[in-house]
Amino acid sequence: LQVFDDEGKNVTPHPLFQPDPSTAVPRQGKLYFILKDLGDPESAQHSKDLSVLTAFISPLLIESRKGVSCSRGFTDAQGRQEEAEEALTEAELEQRVDICLAETDTLWMLDVPPALLSTEAEEALRVLERNKIYMEICSSKSGSDYFEEKMVQTLSGAAKTKEVQCETITMEEKGMMVTPWDLDDSLDASETELPSRAEESTSEEHGQTGSVPSARESAVPARSQEEKECHSAAILTSENLQQDLVVMERILMENIFQPKLAVYRQIPVLRDPDVTPDTDVEEAKEEEHDKEKKDEEEQKETSFKPSVLPDLDKSPAEGAAPRLELLWSYRCDLTNGHSVSSMAWNKVNPDLLAVGYREFVSQDEKKGLACCWSLKNPMWPERIFRCEHGVTALDFSLASPNLLAVGMCSGRVAIYDVRSRNDAALMDSSASLNKHTGPVWQLRWVEQDRDATGGDKKEKLMCISGDGRMTEWFVQQRLDCSDLMKIKRTEGAKKKLPGEKGRKSGAPICQQAAGMCFDFHPEDTDIYLAGTEEGHIHRCSCSGKEQILGTYRGHKGPVYKVAWNPCSTDMFLSCSADWSILLWHRDSHTPLLTFTSATAFVHDITWAPKSAFIFAAVNERRVEIWDLSVSIFHPVLCCAASPKGDLTSILFAPNTECLLVGDACGEVGVWQLHDLAAPSTNQV
């Protein structure tokens, strides 16, 4: 008898006796019996053993001769043992029969689920209900990735009771606020109590009933008073206290200006929940209505008044007219009486604004200021740099955002570090032999290689001055410059009248024309525009022998500002003291359009950062917003100046629809633009 598995391996247990080698080997792959002739004397003993075996397994044998498979139970085989012995013949015993064994199904004889509570108990129904709820929860979570089904049986040990006798424990919560001043007072009190107790003990020894003051007791309060003063002074001058005050100041400013800052950043305004009772609702509404009326009256008095456009420019499809709303103003006591000369945003931190101030008293220039304002505190500047002369121009560096370049009326150029609280300049041009002798009307940090990335970016500081020089400054161990171009005066050709004889024109006193403004091309940093006091605009190149590539003649007065269009880089604007704004194309030496809406000097112009058609201009009387896609004859928004002073400069806020306007009283107003047309980046 041998047993083989499905893979053909012999898994038969080793017998306890060695079989006869002459015995035939059974065929592999199946379990079978070999039946020999019972009449053979050599196998007589084996026949007796096999006769008993065949009697038991004969009902289970598959009879190949008859083609019928019989499967009977063990009890039937035992009952028919005698019949099997009589039925088997010698031929049948000699025949080889194959027996195949198969595994039957598993039958559960007993399945007892774990039970922790008797079904006859009073709480049985409640436990069954909880089990039902638990099964519903498990079935609902069966599809989750975190669900894993396991069979667990928890056996709870027998409960034991233990009696302990003790007193009731009472608990009580107490709290107390202690400040450093309380600790200091308690320390002083302990110091004063010690001498008094010593005096009492000495007096008791001598039999004295009254207390006699001593020199030591009188000296203790004096010393403690001095210590208190020194301690309070140390607290007020400590860095931790100053830092805590700055944090507190930030929190207060956020609470005060939260609605206005939310409008500036174009985010929803947080409103306080209405928790007033029903009886006080009407009173609260009346108070709010009165406050709104007062705010509107103050707004009308101090704000700009938009003018009404001609009816021909309006169409019925248009909605509400554009308007300006004042959010807040950057002003303080230091800036009162100063004129805002220039403004510049930090190129990395858009919340930081630098403003330059200068002061005129009886035509004499006084000291100036350069202040750095932050949105976190619109009521006081973060940094204040006091300059010896009036500030005329300033700009932040892009490669080093902490550096602020400042130009002054005396021709001095200084660089300040806004990270430092010291108002002293890092570098100054006062020691330079090639410094300017006239006012620095404009300066700017210009990138040399705009395609470079990382640390390969380099900047150069460019300045234009009233001495007729365009200079490039080198920021090294000291501040020094070299002339990029000298602006020469040009004589305009005049037509001679009939019969008029030629006259010799007198030579000008100075051969150089004062430079007023400049602007580098937004794509090609080798090309820039330079406006002069004569009213001419030169298109110049930083490289090459011919520095002046062309001259644009159209203004009759000094050119105060030139600005390339950031979207359409072939167009640029210019404003002048001749009351006009001109739109130019770089390939045309005559202006394409002329904008004149008021008889006043146009001090400043600026393009909208995300539109090729919208620009803003400011003159002595009002602010104007022009949209060339709507009208080229009238501004879409025209607002009169405040009665406090004339307007001097204008600047768009980055990433928001706000406009900054500076005036001659040292105030910079932040105005929100409403109902303005959507910005467009199409070419003009």
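Nonpolar surface patches are made of residues with over 30% relative accessible area and no salt bridge, with nonpolar side chains joined within 5 Å. Keep that in mind for the first view of this predicted model.

**View 1. A nonpolar patch sits on the surface.** Leu107, Met109, Leu110 and Val112 make up this patch, which covers about 550 Å². Look for Val112 in the loop that links strand 4 (97–99) to helix 5 (124–140). Val112 has 61% relative accessibility, so it counts as exposed.

**View 2. Strand 21 is tucked away inside.** Six of the six residues in this strand (527–532) are buried, so the rest of the structure largely encloses it. Ile527, Leu529 and Gly531 point one way, while Tyr528, Ala530 and Thr532 point the other way.

**View 3. Strand 21 has a partner in strand 20 and another in strand 22.** Strand 20 (residues 515–520) runs antiparallel to strand 21, and five bridges join them. Here, Cys517 stands opposite Gly531. Six residues lie between these two strands of the hairpin. Strand 22 (residues 536–541) is also antiparallel to strand 21, again with five bridges, and Ser541 is the bridge partner of Ile527. This hairpin has three residues between its strands, and Gly535 in the turn has a positive phi of about 100°.

**View 4. Trp579 has a positive phi without being a glycine.** Its phi is about 75°. You'll find Trp579 in the loop between strand 25 (571–576) and strand 26 (581–585). With 39% relative accessibility, Trp579 counts as partly exposed.

**View 5. Asn655 isn't a glycine, yet its phi is positive, at about 65°.** Asn655 belongs to the loop between strand 32 (647–652) and strand 33 (658–663). At 58% relative accessibility, Asn655 counts as exposed.

Technical notes:
Residues are numbered from 1 along each chain as its sequence is written. This is a predicted model: local features need pLDDT of at least 70, side-chain atom pairs count only at pLDDT 80 or more; totals for chains, interfaces and linings use all residues. Side-chain values use heavy atoms; hydrogens and water are left out. Patches are made of residues with over 30% relative accessible area and no salt bridge: like charges are joined within 9 Å, nonpolar side chains (Val, Leu, Ile, Met, Phe, Trp, Tyr) within 5 Å. Accessible areas come from the Shrake-Rupley method with a 1.4 Å probe; for residues, only the protein chains shown count as cover. A salt bridge is a side-chain nitrogen of Lys or Arg within 4 Å of a carboxyl oxygen of Asp or Glu. Helices (H or I, at least four residues) and strands (E, at least two) are DSSP runs, numbered from the N terminus. Buried means under 20% relative accessible area, exposed over 50%, partly exposed in between (1.4 Å probe, protein chains only). Two strands pair if DSSP finds at least two bridges between them.
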